[in-house]
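The following report describes a structural model, chain by chain and then across the contact between chains. Please consult the sequence and the coordinates alongside the text.

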Amino acid sequence: MDNLIEDHFEELLQEYPDLKLLGDEKGQRAVEGVIDREATFKDVTLRLTFQVRVNIPEQYPDPCFPPVAFETGGIIPRTADDHIYPNGSLCLAAPISVKMKFAQAPTLLGFMNILVIPFLYAFRHKQEYGQMPFGERSHGVDGIMEHYREYLDVSDDIALISLVRVLADEDYRGHHDCPCGSGKKLRNCHGSRLLEIKKYHSQEVLLTEYGEMLLKLHKSGMKLPRNALSKVFAKTYLKK
Amino acid sequence: MPNELVAGYNRVLEQLAKELDISPSKYQQAVGRFNSVKEWLDVGKYDGCVADPRIYIQGSFRLGTVIRPLKDGKESDYDIDLVCELQARKVSCAPRNIKSDVGDRLKENETYRKMLTPEGRRCWSINYAEEDGIGFHMDVLPSVPEGEREVGEIARMGVPQGLAESSIAITHKESDVSYDWRPSNPEGYAFWFEQAMRPAFEAMKGREKSAIFESNKRLFATVEAVPDQLVRTPLQRVVQILKRHRDLRFVGHEWEGDKPISMIITTLAAKLYRNEADVYTALHNIVEQLDEHAQLLKSAYGLREDLASLRLIGRTPDGKWNMPNPVNPAENFADRWHENDNRKARAFFMWVSWVKEDLIGVLGKGSLGEVNESVQRLFGGKIALLAATQSAPAVITASRNRPEPIEIKDPPKPWRRIG
C-alpha cells in the first residue's frame, strides 16, 4: 500500500509542488504544505493560497474511508457557523457525499481537486463576494437529510426515512414495493440509488444516521408509519 | 486591531520563518559533515600545542538563525562556519603557521584535499556536493586563544569575564607573505545571543521539541534526541524573517552593496528582544524601536532618552557611527556607515522603514486572507523558496510557472456535524 501512496503522492506533486509526504508505514501518513492554485467556477477565478494537511487513513484508497483535510494556516476562522471544526478539519460535505465524490477518483490528486479545492474556493468566494457559490448544507442531521432528499429525489420526510430504514435493516428486496409510495417495485424505483449508498456506508453508520433522523422527526411530532420503523435499530438501541 | 487577526498573522509569520529555516534532515546532515571534519582535525599533530584543538560551529548555524540560501531562485549550498582553535600561545606562534598547520592537516586527508578550495583570507573551505543537489561549504577558521592582556582589556570595557575569555585571535592574510592576527569572539557572541533569549527558550523548549519529534520520527529516536539547536525562539524567527526580507528587498537595488549585514540585524534584534512569547509581538517591538533611531540621521542628539540609554546605535560628534560588538566593544560594526554621505546608515534605516511597512503596516490591509496574501507575495508565493530572486521581488509571483486554474464541476456542498 505504501508504494501506492507514494505513486499517488508523485502525481499530486505534479500539480501541487509545495506539498510534502509525512509519516511512514507505522505512523499516520499525511500530506502537508502550502497549496497555491487558481480555481474557476462559472467564470469566476480565485487564487487559493492555503496551508493544508491531508491525513491518509490506513484503509486508503478505500472510498469508504476517505482522507481527512485540514486547514492549518488559521486563515479560516474556527467559528460554529463555518464548515470547519475547531481542530481545523474541513467539513467538505455530508459524509455519504464525501465518500461518493472520493470514489469518482480515489487518489490524492482526486481528493484534492474534487473535494478540497471546491471547499477552499467556496470559502474564498464567501470572503470576496459574501456568499457561498454552490450553496451549503445545514449543520448536523438537517444537512444529512437535505443531501439524501436531493440524492434520492424525494420531498417527503416519511418517504425519506422509510428508504433509509431499508438500508438500516439490510432489508433490500428488489421485488418489494418501494417505500417512497410510487407503487413501483424497489428495483424499478429507488433501488439503484439505495444500493449505491450501501456501497459506502456500513450498516452501523446507516443505523446512526437513521437514528438521528428518527429522533429529529419524532421531536417534531411526526407520526411515522410502521414501514418507517427499523427493527434492527429498535433491537440495538431502544431496549436499553 | 482585532486580536484574532493578530493571532492569525502571528501564525503566518511563524510559518514563514519555518519555510525559511533549514529542514531537520538537512541539519542532521550538516552535523554529520561537521563531526567528520572535527574528528579528523582533533587527532592531528600541531606544533607548539599544549592540548587538543577546540573545534566548534559559529555563525548562523550556531545561533539558530540560518536561512536557506537562495541562488538563482533555487535553494543553494549552505555555509557552515567552523572554528578550529589550536591550543597554542598567541605570543609564541605566528599566524601564518597556524593557518598552514590547519590547512596541512586537512590536506593529509585524501577526500578533503580534493574538496578544498584555494586558500582564503581567513579560512580554508571544503566544498561538499550532496546527492539532493544542496551542498555545504564548510569554512574552517584557524585560530588560537586570545592573549591574556587582550582578554583583560575586553573585560575592562564591560564585557562579562566569562564571555571575554572565549575571545580568539584569527589569522588574516594580507598578502602571500604577510599574515596578521585579528580579534574575534564567535563563541562569546553565541553565549551572549543565547542569554538574550534564555527565558523564552526554556519556556518553549518542551513543546517545540515534541512538535519537531512528531514530524521527524525518521530522524530522532526520542523527543530527548531532538537537539536544542533545532528549537527556535521568537527572536530567532524574527532574525530569519528580517534576513530574508533584506535579501529580497535589496535585490537589484542601487544600494544592494550597502545592505545591512546579518551581524548588525542579529545584534540589534537580540538587544531589543524582551522575551516576547510570539513572533509578531517581538517583531513589532523590535522594528518600532529601530525605526525611532532613524532620527540619528538628522541629529546625533535627538534620540529619546530611554532609547539612547539602550546604546544600540550611537553617533560621535564628528558624525561617525558606533555600534559595538557586544562581546568586543573595540569592534565597531558600523565603522563604515559614514562613508559616501552615510550611505550604509541610510540604507539601514530605509530597510527598517520597508520592514515596518511590509511586515507591520500590512496588518491594516484588512482580513487575514489579504494580509497573508500580501506577505506571501513579498516572500514569493511559497515563501520565495522556488521563486526567482534575480528580478525584483514584485515580479517573482508573476514569473512563476503557474498551472492552469482548476475548473470546478459539480461541487459538493459544505456541511458540518453539530457540536
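Chain A contains eight helices and four strands, where helices (H or I, at least four residues) and strands (E, at least two) are DSSP runs, numbered from the N terminus. Along the sequence, these elements of chain A follow the order α-β-β-β-β-α-α-α-α-α-α-α. This is a predicted model, in which local features need pLDDT of at least 70 and side-chain atom pairs count only at pLDDT 80 or more, while totals for chains, interfaces and linings use all residues. Residues are numbered from 1 along each chain as its sequence is written, and chains are lettered from A and ligands numbered from 1 in the order in which they are written.

**Chain A**

Of the 240 residues in chain A, 37% are buried. A residue is called buried if 20 or more other C-beta atoms lie within 10 Å of its own, exposed if 12 or fewer, and partly exposed in between, with C-beta atoms placed from the backbone. Two residues are in contact if their C-beta atoms, placed from the backbone in the same way, lie within 7 Å. Among the contacts in chain A with a separation of 6 or more, 46% are between residues 24 or more positions apart.

Helix α2 of chain A (residues 95–104) is largely enclosed by the rest of the structure, because seven of its 10 residues are buried. The buried residues of α2(A) are A:P95, A:I96, A:S97, A:V98, A:K99, A:K101 and A:F102. Their cover includes α3 (108–129), α4 (140–152) and α6 (191–200) of chain A.

**The nonpolar core**

A nonpolar core is a set of buried Ala, Val, Leu, Ile, Met, Phe, Trp, Tyr and Cys residues joined through C-beta atoms within 7 Å. The largest such core has 151 residues, and the members that touch the most others are A:V164, B:L235, B:V238, B:A269 and B:L283. The element giving the most to this core is α3(A), with 12 residues. Apart from residues up to four places away in sequence, B:L283 touches B:L13, B:V238, B:I241 and B:L359.

B:L235 also serves as a reference point for B:E276: the two are 41 residues apart in sequence and 8.2 Å apart in space, C-alpha to C-alpha. B:E276 is located in the loop between α11 (262–272) and α12 (279–292) of chain B. With 19 other C-beta atoms within 10 Å, B:E276 is partly exposed. Beyond its neighbours within four places in sequence, B:E276 contacts B:P234, B:T281, B:A282 and B:N285.

**Strand β4 of chain B**

Why is strand β4 (residues 78–85) of chain B largely enclosed by the rest of the structure? Six of the eight residues of β4(B) are buried, which accounts for the enclosure. Two strands are said to pair if DSSP finds at least two bridges between them. Strand β1 (residues 54–58) of chain B pairs with β4(B) in the antiparallel sense over five bridges, and B:Y56 has B:V83 as its bridge partner in β4(B). Strand β6 (residues 136–145) of chain B runs parallel to β4(B) and is joined to it by eight bridges. In this pairing, B:D81 stands opposite B:D139 in β6(B).

**Backbone geometry**

Most residues other than glycine have a negative phi, and most peptide bonds are trans. The table lists departures from this pattern.

| Site | Feature | Value | Location |
|---|---|---|---|
| A:Y60 to A:P61 | cis peptide bond | omega near 5° | A:P61 in the loop between β3 (44–56) and β4 (68–71) of chain A |
| B:R311 | positive phi, not a glycine | about 50° | loop between α13 (305–308) and β9 (314–315) of chain B |
| B:D410 | positive phi, not a glycine | near 45° | segment after β13 (406–407) of chain B |

B:R311 is exposed, with 12 other C-beta atoms within 10 Å. B:D410 also counts as exposed, with 9 C-beta neighbours inside 10 Å.

**Contact between the chains**

The contact draws on 28 residues from chain B and 40 residues from chain A. On the side of chain B that touches chain A, the elements giving two or more residues are α1 (3–20), α15 (368–378) and β13 of chain B. The largest share of that side, five residues, comes from α15(B). Strand β13(B) also pairs with strand β2 (residues 29–41) of chain A, in the parallel sense over two bridges. There, A:A39 has B:I406 as its bridge partner in β13(B).
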